[in-house]
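Grab a pencil and keep the viewer open. Here are some exercises, each followed by a worked solution.

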Amino acid sequence: MAISEYEIDLSRYIEHSMLHPAATVEQVKHYCQQADQWRFPCVCVYPNMVRIAEEELHNSRTQVCTVIGFPSGAHTRATKLYEAQEAVDNGATELDVVLSLGLLKMGRSDDVYQEIAEIRELTGVIVKAVLETSLLTDDEKCLAAEICLDAGADYLKTSTGWFGGATTDDVKLLSGITKGRIGIKAAGGIKTPEQALNLIRAGATRLGTSRGVKIMEERDAMAD
């Protein structure tokens with residue numbers, strides 16, 4: 001039986017993201033307060049705002065996520081390792097790590113594997129591998145997904161949002177590969193309850209969006 005759209009609790013899927021490059025401390029605190037109010041599973045902020053978010057959410061169930069190698073992924077492995085460890089030391093419990101897509105396209109699968117595996121082993125926190133699906137062929141998406149599964153990633157994330165957004169086709173593709181073994185985070189361009197619900201039905205277990213509150217308010221208005 002199909003699940004009614006009103007049986008899906010959107011709030012438990014939404015990662016409230018404040019990744020505007022000009023974000024201020026007050027804006028980050030406001031996003032943290034909203035995430036706590038709506039009981040979103042986490043907020044996602046830049047590394048320089050992790051400690052601020054951790055302090056704001058210290059007594060909350062909402063977790064602090066940050067981005068590593070964002071947005072291009074074209075950082076050295078040592079840089080990403082340092083960035084990841086510093087983020088965890090500052091209070092991050094989830095890391096969105098952008099893959100080195102150049103390495104993937106050059107066939108250097110072992111290097112891509114090592115990067116994710118080392119960050120996962122070093123930090124011991126939840127690692128979401130960002131595939132940037134709009135820049136990959138379907139074959140490359142499948143390869144990247146298999147590498148990240150083997151490396152111990154906890155989630156596959158579709159996009160940073162800088163080069164294209166999440167699509168239901170990509171979520172379905174990744175869901176078919178992972179078969180529920182790890183989570184799938186759809187991110188990029190999610191603005192409406194309808195988009196969010198379609199991505200969840202396609203297999204997304206998290207949704208990264210800066211419009212989480214507006215999505216919830218529109219959803220509540222639809223239910224009235």
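**Exercise 1: the strands side by side**

In E4, Ile68 has Val97 as its bridge partner. This is a predicted model, so to speak of local features we need pLDDT of at least 70, side-chain atom pairs count only at pLDDT 80 or more, and totals for chains, interfaces and linings use all residues. Residues are numbered from 1 along each chain as its sequence is written, and side-chain values use heavy atoms, with hydrogens and water left out.

Task: work out which strands E3 pairs with, and how the chain gets from one to the next.

Solution, step by step:

- Fix the terms. Strands (E, at least two residues) and helices (H or I, at least four) are DSSP runs, numbered from the N terminus. Two strands pair if DSSP finds at least two bridges between them.
- Look at E2 (residues 42–45): this strand pairs with E3 in the parallel sense, over four bridges. Cys42, for one, has Gln63 in E3 as its bridge partner.
- Follow the chain from E2 to E3: it passes through helix H2 (residues 50–56), a right-handed β-α-β crossover. Right-handed here means that, with the strands pointing away from the viewer, the path from the first strand over the helix to the second runs clockwise.
- Now take E4 (residues 94–98). Four bridges join E4 to E3, and the two run parallel. Cys65 stands opposite Glu94 in E4.
- Trace E3 to E4: the chain goes through helix H3 (residues 77–89), and this β-α-β crossover is right-handed.

**Exercise 2: how well covered is E4?**

Task: decide which residues cover each face of E4, and find the strand that E4 joins through five bridges.

Solution, step by step:

- Set the cut-offs. Buried means under 20% relative accessible area, exposed over 50%, and partly exposed in between (1.4 Å probe, protein chains only).
- Count along E4: five of its five residues are buried, so the strand is largely enclosed by the rest of the structure.
- Split by face. In a regular strand the side chains alternate between the two faces of the sheet. In E4, Glu94, Asp96 and Val98 sit on one side, Leu95 and Val97 on the other, and all are buried.
- Compare with E3 (residues 63–68): five of its six residues are buried, so E3 is largely enclosed too.
- Finish with the neighbour: five bridges join E4 to E5, running parallel, and Val98 has Val130 as its bridge partner in E5.

**Exercise 3: charges indoors and out**

Task: sort three salt bridges, those of Asp96, Asp111 and Asp170, by whether their residues are buried or partly exposed.

Solution, step by step:

- Start from the idea: side chains of opposite charge can pair when their charged atoms come close. A salt bridge needs a side-chain nitrogen of Lys or Arg within 4 Å of a carboxyl oxygen of Asp or Glu. The structure holds 16 of them.
- Asp96 pairs with Lys185, with the closest N and O atoms 2.6 Å apart. The pair links distant parts of the chain, 89 residues apart: Asp96 in E4 and Lys185 in strand E7 (residues 183–187). Asp96 counts as buried because its relative accessibility is 0%, and Lys185 is buried at 0% as well.
- Asp111 pairs with Arg108 at 2.8 Å between the closest N and O atoms. Asp111 has a relative accessible area of 22%, so it is partly exposed; Arg108, at 41%, is also partly exposed.
- Asp170 meets Lys141 at 2.7 Å, N to O. Asp170 lies in helix H7 and Lys141 in helix H6, 29 residues apart. Both labels read buried: Asp170 at 8% and Lys141 at 7%.
- Add the network: salt bridges with shared partners join Glu15, Glu94, Asp96, Lys128, Lys157, Lys185 and Arg206.

**Exercise 4: a buried threonine**

Task: place Thr158 in the chain and find which backbone nitrogen its side chain reaches.

Solution, step by step:

- Thr158 lies in the loop between strand E6 (155–157) and helix H7 (168–178).
- Thr158 counts as buried because its relative accessibility is 0%.
- The side chain of Thr158 reaches the backbone nitrogen of Ala187 at 3.1 Å.

Notes:
Polar contact = N/O pair within 3.5 Å; in protein donor to acceptor, adjacent residues only side chain to side chain.
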